[in-house]
Amino acid sequence: MEVLAFTRLADLRALRARLADGCRVAVLGAGLIGMELAEALVHLGRGVRVTVIEQERQVLPRSFDGRLAREIAALFESRGVALQLGRRAVALERAGAGAGAALTLSDGGAVGADLVVACVGVRPRAGFLAGAGLATARGVLVDRRMATSLPGVFAAGDVAEGPAADGTPGLNPVLPTAAGQGRVAGANMAGRSAEHEGWLPANVFNFFGRVAMSVGATEAGPGVTDFARAEGAARGRLLFAGARLVGASFVGVAADPGALGWLIREGVPARDHAELLLARPVEAARWLAARSQRAVA
Ligand SMILES: Cc1cc2nc3c(=O)[nH]c(=O)nc-3n(C[C@H](O)[C@H](O)[C@H](O)COP(=O)(O)OP(=O)(O)OC[C@H]3O[C@@H](n4cnc5c(N)ncnc54)[C@H](O)[C@@H]3O)c2cc1C
């Protein structure tokens, strides 16, 4: 029994080769990749029994607040996925040939598994740059031009620790950020002058046919006001700093992350329309964005 990763095509092939009907799979981590994998295993329909183990007290801790995450967790549990939240996997004991393994959890509990898949996030592999004189922190530090601390050296994508929309440096390992940063780095390397607008956290999921999305902040910090709406299975939450929208999350209702993200980036005053944004997120966000663009023009 080995612990598999899940970041490359080869990992998927290794997992497929080892999956047997009715086997027990323990997924470490309830982030984007762990939850997508858990859903895919349910859809396989081969009686695979899935347990997701997450050290935080909720699923998708970097994408949703606790309330919305509970809705998503309940959806997974209704499909037979067992969730072990607020617990770390701290030890693994192999039970012998063909008998799987027992994972020990930080609260003393145990989870039996025939396969263990680690979906605990990615970390830039920047160690080989040590000694090159390049400034690094969690990744390779870059400015808005994607320039590193060494003249003529640029970085973009998962390895680059660049400014967010609010200027704070950080990693945002998703495709739209990688593509945008890559375009900016390429332009500057080719002698043009370009700046990245800064990344904004944005996540869109479709779990068991139910949409869930978040853009911008997910936790209300100091000075941030919270508006929420729950109607049937639909949930929405908006965060405002003064009149400006700083975060939006929806579960079970369609929303437009592009338009909401634009309102956040541009600092459009939207608080007076919070109720409308919660009730009709797609139309209201597009209307506010269009109105604001007309005002600028
Ligand atoms: C399972 C999974 C699911 C994902 N799903 C989504 C999603 O739904 N939406 C989304 O937006 N993002 C998703 N992502 C993230 C997305 O894949 C990455 O953000 C994106 O691929 C980053 O692009 P990149 O070019 O920076 O890095 P990569 O795509 O990782 O490419 C880096 C390349 O560099 C090569 N390399 C590494 N070191 C060296 C070296 N020293 N010399 C030469 N070559 C080297 C690697 O082999 C690799 O080919 C997912 C990631 C994973 C792992």
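# Close-up views of a predicted model

**View 1. Arg 235 in strand 15 is the bridge partner of Ala 230.** The model shown in this and the following views is predicted. Strand 14 (residues 224-231) and strand 15 (residues 234-241) run antiparallel and are joined by eight bridges. The two strands form a hairpin with two residues between them, and Gly 232 in this hairpin adopts a positive phi near 60°.

**View 2. Strand 15 and strand 16 form a hairpin with two residues between the strands.** Within the turn, Gly 242 has a positive phi of about 65°. Strand 15 is joined to strand 16 (residues 244-251) by seven bridges, and the two strands run antiparallel. Leu 245 in strand 16 serves as the bridge partner of Phe 240.

**View 3. An open antiparallel sheet is built from five strands in the order 12-13-16-15-14.** Strand 12 (202-207) and strand 14 occupy the edges; each has a single partner strand, so one side of each lacks a neighbour in the sheet. From one strand to the next, the twist averages 15°. Strand 13 (residues 210-216) pairs with strand 16 in the antiparallel sense over five bridges. Met 213 has Phe 250 in strand 16 as its bridge partner. Helix 5 packs on this sheet and touches strand 12, strand 13 and strand 16. The direction of helix 5 makes about 160° with that of strand 16.

**View 4. Helix 5 (residues 257-266) contains the buried residues Ala 259, Leu 260, Gly 261, Leu 263 and Ile 264.** The N-terminal end of helix 5 is capped by Asp 256. In this cap, a side-chain oxygen of Asp 256 lies 2.9 Å from the backbone nitrogen of Gly 258. After helix 5 comes Gly 267, with a positive phi near 65°.

**View 5. Ser 63 lies in the loop between strand 3 (49-54) and helix 3 (66-78).** Is Ser 63 buried or exposed? Its relative accessible area is 7%, and Ser 63 is therefore buried, the cut-off being under 20%. The side chains of Ser 63 and Asn 203 make a polar contact of 3.5 Å. Beyond its neighbours within four places in sequence, Ser 63 is in contact with Asn 203, Phe 205, Ser 214 and Thr 218.

**View 6. A second open sheet comprises five strands in the order 1-8-2-3-4, with parallel pairing.** Strand 1 (3-5) and strand 4 (82-85) are the edge strands, and each pairs on one side only. Neighbouring strands of this sheet are turned against each other by 25° on average, direction ignored. Three bridges support the parallel pairing of strand 1 with strand 8 (residues 115-118). Leu 4 stands opposite Val 117 in strand 8. Helix 1 (residues 9-18) lies across strand 1 and strand 8, and runs at about 140° to strand 1.

**View 7. Gln 84 is located in strand 4.** With a relative accessibility of 22%, Gln 84 counts as partly exposed because this value falls between the 20% and 50% cut-offs. Leaving out residues up to four places away in sequence, Gln 84 touches Thr 51, Val 52, Ile 53, Glu 54, Leu 105 and Val 111. The side chain of Gln 84 is joined to that of Arg 87 by a polar contact of 3.4 Å. Gly 127 is 43 residues from Gln 84 along the chain, and the C-alpha atoms of the two are separated by 33 Å.

**View 8. The ligand is surrounded by residues that include Phe 6, Thr 7, Ile 33 and Phe 128.** Gly 157, Asp 158, Pro 173, Val 174, Leu 175, Pro 176 and Ala 178 are also among the surrounding residues. Helix 4 (residues 175-189) gives the most to this shell, with three residues. An N or O atom in the side chain of Asp 158 is 2.7 Å from an oxygen atom of the ligand. A polar backbone atom of Pro 173 is 3.3 Å from an oxygen atom of the ligand, and a backbone N or O atom of Val 174 likewise lies 3.3 Å from an oxygen atom of the ligand. On its own the ligand has 990 Å² of accessible area, of which the protein covers 41%.

Notes:
Residues numbered from 1 in each chain as written. Predicted model: local features only at pLDDT ≥ 70, side-chain atom pairs only at ≥ 80, totals over all residues. Heavy atoms only, no water. Helix = DSSP H or I, 4+ residues; strand = E, 2+ residues; numbered from the N terminus. Buried < 20%, exposed > 50% of the residue type's maximum accessible area, 1.4 Å probe, protein only. Polar contact = N/O pair within 3.5 Å; in protein donor to acceptor, adjacent residues only side chain to side chain. Contact = heavy atoms within 4.5 Å. Pairing = 2+ DSSP bridges. Axes fitted to C-alpha atoms, helices over the stretch in contact; angles between N-to-C directions. Near = heavy atom within 4 Å. Areas by Shrake-Rupley, 256 points an atom, 1.4 Å probe, with all protein chains shown as cover.
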